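Hi,

Here is the structure I promised to pass on. Have a look at it first, and then read my notes underneath.

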Amino acid sequence: MPLFVQTGRQLTVEIDSVDYSVQCSEVTLTPSQTVDQYISLTSNAAVSGPVTWELGVKAFQDWGEAGSFCDALVTAATTGTAVPFEMGLPNGGTATGDIIPVFPVAGGAADSALEIDLTFAVSGAVTFA
């Protein structure tokens, strides 16, 4: 069987009705789910709790550029209102939902491309298509 390498770099975030296709070096959608095990004298059962999600993004800083994601993210984080995202999946599908915007860092090392490393809480469910 041949080796198949997948990359995770496709992300679009909508802020104030403008789509930002972020230049990412890494995008991860991580579920967190608890499973409780109930054991009695006569049986046992596993019960799944609700799933919560986090969207991790490593992207390049674009402060001051036309259509800057970093500048728009500051505005969105100031309001604290959820914004929609769409992530490209390795199978060609998409994952969509709403994230709570956070403030990006500014600056970094003088000898490398400036990046932001963000973790967004997903508000509500994620839809896979």
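Below is what I found, starting with the core and then moving to the helix H1.

Keep in mind that this is a predicted model. Its largest nonpolar core has 28 residues. Leu11, Val13, Ile15, Leu29, Leu55, Phe69 and Phe85 have the most contacts inside that core. Two or more residues come from each of several elements, including strand E1 (11–15), helix H1 (69–79) and strand E7 (115–128). In general, nonpolar side chains in soluble globular proteins tend to be buried together.

Phe69 is a good place to zoom in. Setting aside neighbours within four places in sequence, Phe69 is in contact with Val13, Ile15, Tyr20, Val22, Asp62, Ile116 and Leu118.

Now for H1 as a whole. Its buried residues are Phe69, Cys70, Ala72, Leu73, Ala76 and Ala77. Seen down the helix axis, they fall within an arc of 155°, so they line one face of H1. The cover over these buried residues includes E1, strand E2 (18–21), E5 and E7. On the face turned away from the buried side you will find the exposed residues Thr78 and Thr79.

The ends of H1 deserve a look too. Ser68 sits in the loop between E4 and H1, and a side-chain oxygen of Ser68 reaches to within 3.4 Å of the backbone nitrogen of Cys70 at the start of the helix. Is Ser68 buried or exposed? With a relative accessible area of 5%, Ser68 counts as buried, because the cut-off is under 20%. Leaving out neighbours within four places in sequence, Ser68 is in contact with Tyr20, Asp62 and Trp63. After H1 comes Gly80, with a positive phi near 75°.

Cheers

Conventions
Residues numbered from 1 in each chain as written. Predicted model: local features only at pLDDT ≥ 70, side-chain atom pairs only at ≥ 80, totals over all residues. Heavy atoms only, no water. Core = buried A, V, L, I, M, F, W, Y, C linked by side-chain atoms within 4.5 Å. Buried < 20%, exposed > 50% of the residue type's maximum accessible area, 1.4 Å probe, protein only. Helix = DSSP H or I, 4+ residues; strand = E, 2+ residues; numbered from the N terminus. Contact = heavy atoms within 4.5 Å. Arc of directions from axis to C-beta. Polar contact = N/O pair within 3.5 Å; in protein donor to acceptor, adjacent residues only side chain to side chain.
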